Amino acid sequence: MKARHKRFAIVLGGLAALGIAAALILNAFQSNLVFFFTPTQVANGEAPKDRAFRIGGLVKEGSLQRTDITARFVVTDTAKEIPVSYTGILPDLFSEGKGVVAQGSIGADGKFTATEVLAKHDENYMPPEAKHAVDQAHEAARTIKQ
């Protein structure tokens, strides 16, 4: 084999290895990517049916029901409501009327089954997407009342 052919084979092998590594990294990134949706988007069918995603909003007042370590509550953006079921220990800051982000998937019955629940840690903080959705819902409600 000539030196030129050896160099070509080494470069080709390096490019193939780089391509395989890039494909594996992108595949891992895609499988761990979790999108955020508001209750209105979930109710409108914009959320994926076959993969996990996050839903965020406010815990509706009077909706929290606990049975052993299973909690059922409703997440709302003041326009739409999505029932959520979570089995596990809720964060200490979790309460009705406060912001929450839950990760999980939506069932065929329209109920969201959470695998993780995050309560907002400060009364002034809300994820930007949830804040925007709540502001839009308030604006829409104000427009309808007028």
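Here is a short back-and-forth on a predicted model, about why its parts get the labels they do.

User: Why is Leu 15 called exposed?

Analyst: Its relative accessible area is 54%, and exposed means over 50%, so Leu 15 earns the label. Leu 15 sits in helix α1, residues 3–32.

User: What makes Val 11, Leu 15 and Leu 18 a patch?

Analyst: Nonpolar side chains are joined within 5 Å, and patch residues need over 30% relative accessible area. Leu 15, at 54%, clears that cut-off, so it can belong to a patch. Together with Val 11 and Leu 18, Leu 15 forms a nonpolar patch on the surface, with about 310 Å² of accessible area for the three together.

User: Why is strand β4 described as mostly covered?

Analyst: Buried means under 20% relative accessible area, and six of the seven residues in β4 (residues 70–76) are buried, so "mostly covered" fits. For the protein, buried residues make up 31% of the 146 residues.

User: How do you know that β2 and β4 pair?

Analyst: Pairing takes at least two bridges. Strand β2 (residues 53–59) and β4 are joined by two bridges, so they count as paired, and they run antiparallel. In this region, Val 59 has Val 75 in β4 as its bridge partner.

User: What makes β4 and β5 a pair?

Analyst: Seven bridges, against a requirement of at least two, so these strands pair, in the antiparallel sense. Strand β5 covers residues 81–87, and its Pro 83 stands opposite Val 74. The hairpin of β4 and β5 has four residues between the strands, and Thr 78 takes a positive phi near 75 degrees there.

User: And what makes β3 and β4 a pair?

Analyst: They share three bridges, and at least two are needed, so strand β3 (residues 65–67) pairs with β4, again antiparallel. Gln 65 has Arg 72 in β4 as its bridge partner. The two strands form a hairpin with two residues between them, and Asp 68 in the turn has a positive phi of about 55 degrees.

User: How do you know that the protein departs from a compact globule?

Analyst: Look at the radius of gyration: a compact globule of 146 residues would come in near 15 Å, but the protein has 23 Å. The C-alpha trace spans about 80 × 45 × 35 Å along its principal axes.

User: What is the overall pattern along the sequence?

Analyst: It reads α-β-α-β-β-β-β-β-β-α, with three helices and seven strands in the protein.

Key
Residues are numbered from 1 along each chain as its sequence is written. This is a predicted model: local features need pLDDT of at least 70, side-chain atom pairs count only at pLDDT 80 or more; totals for chains, interfaces and linings use all residues. Side-chain values use heavy atoms; hydrogens and water are left out. Patches are made of residues with over 30% relative accessible area and no salt bridge: like charges are joined within 9 Å, nonpolar side chains (Val, Leu, Ile, Met, Phe, Trp, Tyr) within 5 Å. Accessible areas come from the Shrake-Rupley method with a 1.4 Å probe; for residues, only the protein chains shown count as cover. A salt bridge is a side-chain nitrogen of Lys or Arg within 4 Å of a carboxyl oxygen of Asp or Glu. Buried means under 20% relative accessible area, exposed over 50%, partly exposed in between (1.4 Å probe, protein chains only). The radius of gyration is taken over C-alpha atoms; the globule rule is 2.2 Å times the number of residues to the power 0.38.
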